[in-house]
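Here's a quick look at one charged pair and one greasy stretch of surface. Have the sequence and the fold open while you read.

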Amino acid sequence: MDRFKTDFLSKNEYDNRDYGPYIPPAIGLEASFGADIIVANANMKGGVAVDDNNIIGYVGGASGLGFSGSRMPSISFGLSIYAMDRSGASPNQFNLYQGLLGVNSDIQIGHGLMVGYSQSMIRNPNGSGYLRDPYGYSSYSLGVGKGFSNNISLTKPMLKINRK
């Protein structure tokens with residue numbers, strides 16, 4: 001585990017995140033449970049995210065449009081691993097707690113292997129709805145499942161452990 005932390009989770013003399021290979025500021029594991037009704041879905045999720053300084057447990061929920069491949073209502077389970085980053089920011093400006101807190105736009109697609117992208121949202125200055133935050137947090141995920149979904153999710157960190 002010490003070698004993993006040195007090589008993948010921390011900046012050291014052999015790894016320069018600014019100019020070297022891409023290493024995400026945080027990684028996580030997420031489990032979800034949901035219900036799909038033809039073209040609509042709703043789910044609950046929970047997970048753990050880790051960065052250089054923290055381990056954070058969180059819960060959340062999502063709803064939106066999607067298709068699971070079934071014409072009948074169905075129940076779905078998912079497990080995903082993801083990399084989290086912040087658009088336009090250096091790793092020193094990354095805040096895992098802020099990245100997990102709030103409203104996100106999630107897109108997932110696949111058959112067997114699911115790929116996903118999530119982007120944080122901000123309130124529309126006009127007061128109606130949300131817009132994608134161009135300087136917000138984003139994550140890329142791989143998981144198991146089938147179908148397509150485009151959801152709005154709300155996530156709240158529940159447990160924070162400082163590693164340093």
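Lys-45 has just 12% relative accessibility, which is under the 20% cut-off, so Lys-45 counts as buried. Keep in mind that this is a predicted model.

What does the side chain of Lys-45 meet? It meets the side chain of Asp-106 in a salt bridge, at 3.8 Å from N to O. The two residues sit in distant parts of the chain, 61 residues apart. Asp-106 is buried too, because its relative accessibility is 13%. Side chains of opposite charge can pair when their charged atoms come close. And how many salt bridges does a search of the whole structure find? One.

Here are the two partners together:

| Residue | Strand | Relative accessibility |
|---|---|---|
| Lys-45 | β2 (residues 40-51) | 12% |
| Asp-106 | β5 (residues 102-123) | 13% |

Now for the surface. Leu-29, Leu-79, Ile-81, Ile-109, Leu-113, Val-115, Leu-142 and Phe-148 make up a nonpolar patch there, and together they have about 750 Å² of accessible area. Strands β4 (74-86), β5 and β7 (137-162) each give two or more residues to the patch. Which of the elements gives the largest share? That's β5, with three residues. So strand β5 turns up in both stories: Asp-106 of the salt bridge lies in it, and so do three residues of the patch.

Leu-142 is the patch member to look at from strand β7. Is Leu-142 buried or partly exposed? Its relative accessibility is 45%, so Leu-142 counts as partly exposed.

Conventions: Residues numbered from 1 in each chain as written. Predicted model: local features only at pLDDT ≥ 70, side-chain atom pairs only at ≥ 80, totals over all residues. Heavy atoms only, no water. Salt bridge = Lys/Arg side-chain N within 4 Å of Asp/Glu carboxyl O. Helix = DSSP H or I, 4+ residues; strand = E, 2+ residues; numbered from the N terminus. Buried < 20%, exposed > 50% of the residue type's maximum accessible area, 1.4 Å probe, protein only. Patch = residues over 30% accessible without salt bridge, like charges linked within 9 Å, V, L, I, M, F, W, Y side chains within 5 Å. Areas by Shrake-Rupley, 256 points an atom, 1.4 Å probe, with all protein chains shown as cover.
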